[in-house]
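Q: Hey, got a minute to walk me through this model before I set anything up? I'd like the overall picture, then some details.

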Amino acid sequence: MSRTRSKNILGIFAILIMMHHLSQKASAFWVPASVRQHGLEPFVPIGYLLVSFFFFCSGYGLRKSMKADEDYFDGFLLRRTNRILMIFVITSIIWLAVRFIYGNVSLSVNPYGWYIYACIILYFGFFFIYRKETKISHLLMGLWIFIYSVICYLLIKGNWWFNATPVFMLGIITADKEPVVNETDITPPETPLKKKLVKMIIPAVLFVVTFVISENFGSFYKKLGITDYGIVNIIIVILQIVCCSCFSLCVYILASRRQDMVMIVRQKRDEAGDEDDFEDEPYDPEREKRRKERNKEPLTFKKAVTWFLSFYGSMTLEFYLIHGLFVQIFGHHFIDDKTPPVCYIKNIVLYVLVVFLISTVASFLLKKAGDLIIMAYERLPMFERIFDDQKRLILIILGIFVVITIIYSVHRNNISKEASVKLEEYKKEKITYVNAGGTEVATYSEGEGEYTIVLLGSEWDPCPTMYLIPMLNNLKDTYKVVIIDYPGKGYSADTDADRTADFYADTIHSTLEGLGVTDNIILVPNQVSAIYSFRYIEKYPEGVKGFVGIDAIFPELATRFLDGNYNSVDEYRWYLKRISRLEKMNQKLLVATGYVSLQTPIYDYVFYGSGLKEYYGVMEEMYIRNYMMDAHLKEQKEIYDNCMSVEDFKLPENLHASFLLNNTIKDTKYYGVDWVEKYNELITNKDIQSVTIINGSDYVIYYNPGILSKKIDELVEGLE
């Protein structure tokens with residue numbers, strides 16, 4: 001298989017990968033119905049198949065080049081990674097800038113950049129294992145890929161991170177199996193298509209069978225008596241590995257020519273094979289002369305197709321890394337379903353064309369920029385000095401990072417100690433404990449009145465008895481106001497109990513009873529606490545007189561809380577449990593290094609004018625202690641089941657209720673859902689139940705309690 005032919009195929013596959021990502025954004029079954037656009041469904045499941053051939057070409061080309069040149073490993077890592085990392089860094093900066101502008105920044109800057117990480121890891125493995133080849137080198141390379149796959153699995157990366165990487169090994173083995181030819185060999189005629197098809201029968205049949213089974217296994221595995229979705233996922237991954245291996249082998253057979261092998265032997269070392277599916281071909285005056293002569297020939301359809309394939313084949317790296325940005329910019333939401341769209345194109349045909357054309361232009365410019373940098377690197381002494389000392393530079397940067405981390409960790413620890421003193425002072429001054437189901441639950445209550453307002457925090461709220469003080473202060477002159485810290489949150493003790501909706505409803509009920517509050521209750525939940533309030537209303541309706549949901553979650557959001565593509569409810573549940581363990585580990589690492597403070601909310605913005613400035617440090621400390629820790633993660637793990645436990649809930653016809661929704665969620669349609677429409681489905685009596693849009697964001701309950709308090713007053717007036 002020649003370098004030119006493989007690069008042309010990869011150029012086509014890069015475009016098809018763009019179609020795959022477009023289909024995931026617009027046409028996949030997990031896309032909310034309100035924004036789903038039909039037409040690209042066939043591209044949804046083929047992404048890993050396309051990428052697998054990239055891995056195949058990498059393994060194949062590296063092995064062929066290694067066999068053709070005894071000194072191939074001299075400067076191997078720099079030669080193989082310099083351009084890839086350069087383009088990756090440039091595109092990552094572009095991604096970061098755009099994400100910063102539109103308010104969606106995360107450590108995973110380019111959500112489509114995982115291939116580069118996998119590619120670099122495979123290059124390192126190839127270098128360390130094959131530079132001194134032994135009889136077990138293939139076995140060691142297979143072990144390297146297996147370890148990489150296990151790490152990806154434990155870190156809960158998507159299956160696409162590792163289901164295609166074994167094909168890299170297949171490429172190496174395929175290069176080994178090719179017959180050795182000499183320069184004096186007479187080039188035989190091309191293998192007839194009929195013979196190629198016969199040779200493809202077994203891999204083609206295996207490809208079709210494994211593809212069909214893997215795509216449908218999630219719908220019938222229970223009939224086989226399998227109950228653990230972890231086992232199901234492993235079976236699916238194994239089927240996908242076989243599937244993409246057979247797919248790549250079929251493409252290789254179709255693309256191969258016997259004379260290619262003769263030509264490979266005659267070419268220079270760098271032309272011996274597909275060294276790197278993203279690398280430009282080295283300059284060859286004779287080849288350039290032949291190209292110019294061909295360009296003088298009349299334009300034909302075949303020549304146009306060849307030019308098209310060559311054009312995209314020469315910039316697959318750039319196209320792969322930049323096209324996803326435009327998939328997101330012109331999609332129904334930017335990056336995830338919680339960020340507003342940038343420039344939404346609803347028409348699916350126009351969406352595809354715009355993304356394709358702009359990605360092409362951007363890729364071409366990136367390639368030219370990369371060529372200029374490489375030229376500067378090769379010709380300017382300054383660049384040469386910088387890059388010749390890469391090892392030393394990396395060690396210096398790592399050393400500086402370690403020193404900064406140690407210093408910052410000590411600094412963060414001292415801040416925590418200072419905050420702990422104020423934390424205890426606040427507890428003595430404000431907190432009252434109530435035994436609820438054997439757990440000491442922290443409460444803060446003030447005010448007197450006929451009605452009791454019960455403020456319930458959101459899932460991420462680390463300490464409602466502190467964070468909801470602005471709301472309490474706006475209500476305490478008229479009502480008795482009670483704030484509850486759920487077990488494991490804020491000042492409350494933790495418990496081993498499962499965080500079911502019944503658990504929260506019972507905890508709220510027992511806590512209120514412990515405080516002597518049994519009647520004239522108005523529940524005011526924020527976000528996910530609405531689910532627990534619905535369950536409370538179902539179980540203990542007698543004392544509830546009103547409900548005011550602030551950005552209230554509803555049952556239909558059961559599978560929309562985590563980013564990702566899920567084929568079934570069982571897969572989603574399984575993911576929820578696994579992610580809780582990983583996020584706890586990540587959070588503890590951030591706490592240990594002190595970098596946890598980088599993810600804390602901007603308290604100066606959220607609580608500006610609240611009078612809580614002296615407690616900012618304590619609020620941050622509570623966030624650090626509780627966010628993504630045991631209680632939070634137990635709650636997150638059960639969030640699907642909790643939503644589904646009240647899936648048939650409707651507001652009682654005699655219950656005064658109000659949904660207060662901030663306009664950001666309404667306009668953005670968080671999670672791709674029309675929240676107002678869903679609220680109206682819960683309403684049973686429009687005379688006393690309503691939906692009101694307010695100005696604000698997710699944090700409106702903290703920084704604009706005045707307008708929310710007025711809405712509570714209006715509801716109470718209706719009661720009287």
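A: Sure, here is a quick tour that goes from the whole chain to the sheet, then to some helix packing and one residue.

Q: What kind of model is it, experimental or predicted?
A: It's a predicted model.

Q: Ok. How many helices and strands are in the protein chain?
A: You get 29 helices and eight strands.

Q: And what share of the residues counts as buried?
A: 53% of the 720 residues in the protein chain. The chain exposes about 33,700 Å², and 60% of that comes from carbon and sulfur atoms.

Q: What about contacts, how much is long-range?
A: Taking contacts in the protein chain with a separation of 6 or more, 77% are between residues 24 or more positions apart.

Q: Let's talk strands. In what order do they sit in the sheet?
A: The sheet is open and made of eight strands, ordered 1-2-4-3-5-6-7-8, with mixed pairing. Strand 1 (432-436) and strand 8 (689-694) are the edges, each pairing on one side only. On average, neighbouring strands are turned by 25 degrees against each other, direction ignored.

Q: How do strand 6 and strand 7 run, parallel or antiparallel?
A: Parallel: five bridges join strand 6 (residues 544-550) to strand 7 (residues 656-662). Within that pair, G546 stands opposite H656 of strand 7.

Q: Which helices pack on the sheet?
A: Helix 29 (residues 705-719) is one of them, touching strands 3, 5, 6, 7 and 8. Its direction makes about 160 degrees with that of strand 7. Helix 19 (residues 501-514) lies across strand 1, strand 2 (439-446), strand 3 (452-456), strand 4 (480-484) and strand 5 (521-525). Helix 19 runs at about 125 degrees to strand 1.

Q: Switching topic: how do helix 2 and helix 4 cross?
A: The axes of helix 2 (residues 47-68) and helix 4 (residues 114-130) come within 12 Å and cross at roughly 25 degrees. That angle is under 35 degrees, so the two helices count as roughly parallel to each other. The crossing is right-handed.

Q: Which residues meet there?
A: On the helix 2 side they include F54, F55, L62 and M66. The helix 4 side includes W114, Y115, L122 and F126.

Q: Last one: where is I94, and what does I94 touch?
A: I94 is in helix 3 (residues 76-101) and is partly exposed, with a relative accessible area of 31%. Leaving out residues up to four places away in sequence, I94 touches I322, L325 and L366. I94 and L325 are 231 residues apart in sequence, yet 8.9 Å apart in space, C-alpha to C-alpha.

Definitions and conventions
Residues are numbered from 1 along each chain as its sequence is written. This is a predicted model: local features need pLDDT of at least 70, side-chain atom pairs count only at pLDDT 80 or more; totals for chains, interfaces and linings use all residues. Side-chain values use heavy atoms; hydrogens and water are left out. Helices (H or I, at least four residues) and strands (E, at least two) are DSSP runs, numbered from the N terminus. Buried means under 20% relative accessible area, exposed over 50%, partly exposed in between (1.4 Å probe, protein chains only). Contact means heavy atoms within 4.5 Å. Accessible areas come from the Shrake-Rupley method with a 1.4 Å probe; for residues, only the protein chains shown count as cover. Two strands pair if DSSP finds at least two bridges between them. Axes are lines fitted to C-alpha atoms, for helices over the stretch in contact, and angles run from 0 to 180 degrees between N-to-C directions. Angles under 35 degrees count as roughly parallel, over 145 as roughly antiparallel, 65 to 115 as roughly perpendicular and the rest as oblique. A crossing is left-handed if the near helix is turned anticlockwise from the far one by less than a right angle, and right-handed if clockwise.
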